[in-house]
There are 2 protein chains.
Amino acid sequence: MPFRLDLSMDVLRRSPATLDALLRGVDQFWARGTEGPDTFSPFDVVGHLIDGEETDWIPRARIILTRGPDRRFEPYDRFRHRKRNAGRALESLLAEFAKLRTANLELLGSWKLTDAELELQGEHPAFGQVTLRQLLATWVAHDLGHLAQIARVMAKQYRSEVGPWVPYLPVLTDHETPRS
Amino acid sequence: MPFRLDLSMDVLRRSPATLDALLRGVDQFWARGTEGPDTFSPFDVVGHLIDGEETDWIPRARIILTRGPDRRFEPYDRFRHRKRNAGRALESLLAEFAKLRTANLELLGSWKLTDAELELQGEHPAFGQVTLRQLLATWVAHDLGHLAQIARVMAKQYRSEVGPWVPYLPVLTDHETPRS
């Protein structure tokens, strides 16, 4: 199995700088464009990543590591960020995400997780037993999935601008029906 | 129509730093993973972006701006990078891409394109007449599409690691049949 904690943390550590390079200071046209009604803009995605830092990954890892009798995770609110970040600037969200991520990785590193601990289980409210290893792998894939989403949403702002190139740019027709 | 040259150049200017933040120094596991046979790894994608700087966007813009009798573009070799970059390190490709992109944006800026020039046409070998504006919009969407691809390919390296979370991470099942 390819999971490695160090390689996972390396990717997680890169996300704030990657998002900064892509988004800090961009025009609202790029920051606030979406794929259609009820889909996320890049601004929304950064807010959603902040929610993950505060309510998902580390809190769930703690539930697992506590080894208590009830290891059921809190359901994750995918729209918490909407109210929370109303009126804020993207730059403020990027800074907040970077700060939270740094602190969370410091904490994760301080746990010095063993292979046995990575196999400890928690209970997902929808699909049941999951291991800490699966939770941490999901954190990585979730970051990358949302980076792909931001790039896709930005690309789609130019869908009508590329003219006959549309069939050569699959990113413009990915997720025509929102998948997440 | 939403095309703006300044906002387009802003996105194009960000790509080298974004790719650096995401990829410089990553393990081969992330740099060389693919989505299956005959698909691109992140290393391949950076090579493909370099090919675009050398053979696609600016050369095609020049053909259009020359206003000659033959404005047909050279076909674009999507696999030029394979031989060209054999044995090289990802870090060397990232540096080369950044250098080429900086020079190309300097050149593009120096042209001080007018709205009339953006409407000049060239001839794409597959689908015929296209405007300079469409070419430049495609350059932007192409960058973002390949950034999305890199993130997706990296995420898929953990597809078997996330366990029951697969249906919650659409990035893991996007492009199961390669689309580009």
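Contact here means heavy atoms within 4.5 Å.

**Figure 1. Chains A and B meet in this predicted model.** By that cut-off, 62 residues of chain B are in contact with 62 residues of chain A. Putting the two chains together buries about 4,900 Å² between them, and carbon and sulfur atoms give 68% of that area. Look out for B:Tyr158, B:Glu161 and B:Trp165: these residues supply 15% of the area that chain B buries against chain A, more than any other three residues.

**Figure 2. A view along the rotation axis that relates chain B to chain A.** A turn of 180 degrees, with a shift of 0.0 Å along the axis, lays chain B on chain A with an RMSD of 0.0 Å. The two copies are thus related as by a two-fold rotation axis. The same surface serves both of them, since 100% of the contact residues of chain B recur in chain A. To find the axis from chain B, start at B:Ala148, whose C-alpha comes closest to it, at 1.9 Å.

**Figure 3. Salt bridges and polar contacts link chain B and chain A.** The interface holds 2 salt bridges. One salt bridge joins B:Arg133 to A:Glu161, with the closest N and O atoms 2.8 Å apart. Across the interface there are also 16 residue pairs in polar contact.

**Figure 4. Here are the elements on the side of chain B that touches chain A.** Helix H1 (5–23), helix H2 (28–31), strand S2 (128–131) and helix H7 (132–156) of chain B each give two or more residues to this side. H7(B) gives the most, with 16 residues. The residues of this side divide into 35 nonpolar, 15 polar and 12 charged.

Technical notes
Residues numbered from 1 in each chain as written. Chains lettered and ligands numbered in written order. Predicted model: local features only at pLDDT ≥ 70, side-chain atom pairs only at ≥ 80, totals over all residues. Heavy atoms only, no water. Least-squares fit on C-alpha atoms with pLDDT ≥ 70 in both. Buried area = accessible area lost by both parts, 1.4 Å probe. Salt bridge = Lys/Arg side-chain N within 4 Å of Asp/Glu carboxyl O. Polar contact = N/O pair within 3.5 Å; in protein donor to acceptor, adjacent residues only side chain to side chain. Helix = DSSP H or I, 4+ residues; strand = E, 2+ residues; numbered from the N terminus. Nonpolar A, V, L, I, M, F, W, Y, C, P; charged D, E, K, R; others polar.
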